Amino acid sequence: MPASAAEVRYPELVMPPSVERTAVTLWSHGVALDADIYRPKGLDADRRVPAVVLSHGWGGSKSSGERYAARFAAAGMVSLCFTHSGWGSSGHRVVLVGDPPALDEHHEGFAKVRFIRELLDPLEWIQSYRCAVDYIEGEPQVDPDRIGAWGTSFGGGVAMHHAANDDRIKALAVQVAPLRLRSEPLVMRGRQRAIDMARGRVASVPQDLDGDLFPRLAGTPHLARLLQYDVLAEVPKLRIPTLLLDAGNEELFDIRENGGRAHEILKAQAAAPVRYRVIDGIDHYGIYFDGFEEGSAAALAWFREHL
């Protein structure tokens, strides 16, 4: 198994003969995101089918979910995989460096800017996920009343957070998802980062900072934003069928305090079906290898039942 997210080499997709893939551009707040749509071949023009939006995790890209998306499409659904801003082949945010430029009568001027790459900003990811749902809702062969959300690793928390706040989502499946990042070092440093950003002591959008808190993960964690991100606090809002999958040998976080805790909350409020399954014998990245068949089959069965 890989030692870090940057070393993951996902198994290649073998495209089912009944599925077609189309590259598309998904726009999220002015940033062009690299995305693919997977459709069952031969859909009648006037037929409406369920859809699933998929999010990759920290350090991943749309390729993290492509085998799942193809499997859903082979079962008659439309799937959308995309890469978050600043990762993979997606576009990126641009921020000003230094003082604002003088503007002419056309409100134009010259400025020095910085391109933001490989930043883990959970609030930006949530907004991009919403834009992905907006995109799929506009597909002519998608039934807007049967949209599901899927996410893996950090993207699983993003999908869950979004599903708790968007009534268009009718079913949810997440795997190996950390739902609360609240270590004492993270909180203390995150508060200081927020203070320093507000006072102009450090860049308003961090780069190449704080990676020591997550040594196995790529890129820069936006600690000030992570303090505003608590998926477990959103879980009680969920009123839709929810599937949670965890790895039995999870090494990056305590599954009892993440997926296990979310399951307890949802089971206690009994607002919708909930299922929690721990896949034995795999670690975090094993979900894409030895755990793929079991995990993808469980998610497919869940969407078939509830979309």
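In which handedness of crossing does α2 pass α3? The crossing is right-handed. The views below come from a predicted model.

**View 1. Packing of helix α2 against helix α3 (residues 154-163).** The two helices pack at an angle of about 65°, and their axes are 9 Å apart. α2 passes α3 in a right-handed crossing. On the α2 side the contact is made by Pro122, Trp125, Ile126, Tyr129, Arg130 and Val133, and on the α3 side by Phe154, Val158, Ala159, His161 and His162. Eight of the residues in this contact are nonpolar, two are polar and one is charged.

**View 2. The largest nonpolar core, with 53 residues.** Phe154, Met160 and Leu172 are the residues with the most contacts inside this core. Helix α2 (residues 122-137) gives the core its largest share, seven residues. A second, separate core has 32 residues, among them Tyr68, Ala171, Ile287 and Phe303.

**View 3. Surroundings of Phe154.** Neighbours within four places in sequence are left aside here. Among the residues in contact with Phe154 are Pro122 and Trp125, both of which also take part in the contact of α2 with α3. The other contacts of Phe154 are with Gly57, Trp58, Leu120, Pro178, Leu181, Leu226 and Tyr229.

**View 4. Packing of helix α1 (residues 66-74) against helix α8 (residues 292-306).** The angle between the two helices is about 40°, with the axes 10 Å apart. Angles from 35 degrees up to 65 fall outside the roughly parallel and roughly perpendicular ranges, and α1 and α8 are therefore oblique to each other. α1 passes α8 in a right-handed crossing. Arg67, Tyr68, Arg71 and Phe72 of α1 make the contact with Phe292, Glu293, Ser296, Ala297, Ala299, Leu300 and Phe303 of α8. These residues divide into seven nonpolar, one polar and three charged.

**View 5. Ser296 in helix α8.** The relative accessible area of Ser296 is 0%, under the 20% cut-off, so the residue is buried. With neighbours within four places in sequence left aside, Ser296 is in contact with Tyr68, Arg71 and Phe72. These three residues belong to the α1 side of the contact between α1 and α8. Tyr68 is also included in the second core, as is Phe303.

Conventions
Residues are numbered from 1 along each chain as its sequence is written. This is a predicted model: local features need pLDDT of at least 70, side-chain atom pairs count only at pLDDT 80 or more; totals for chains, interfaces and linings use all residues. Side-chain values use heavy atoms; hydrogens and water are left out. A nonpolar core is a set of buried Ala, Val, Leu, Ile, Met, Phe, Trp, Tyr and Cys residues joined through side-chain atoms within 4.5 Å. Buried means under 20% relative accessible area, exposed over 50%, partly exposed in between (1.4 Å probe, protein chains only). Helices (H or I, at least four residues) and strands (E, at least two) are DSSP runs, numbered from the N terminus. Contact means heavy atoms within 4.5 Å. Axes are lines fitted to C-alpha atoms, for helices over the stretch in contact, and angles run from 0 to 180 degrees between N-to-C directions. Angles under 35 degrees count as roughly parallel, over 145 as roughly antiparallel, 65 to 115 as roughly perpendicular and the rest as oblique. A crossing is left-handed if the near helix is turned anticlockwise from the far one by less than a right angle, and right-handed if clockwise. Ala, Val, Leu, Ile, Met, Phe, Trp, Tyr, Cys and Pro count as nonpolar, Asp, Glu, Lys and Arg as charged, and the others, Gly among them, as polar.
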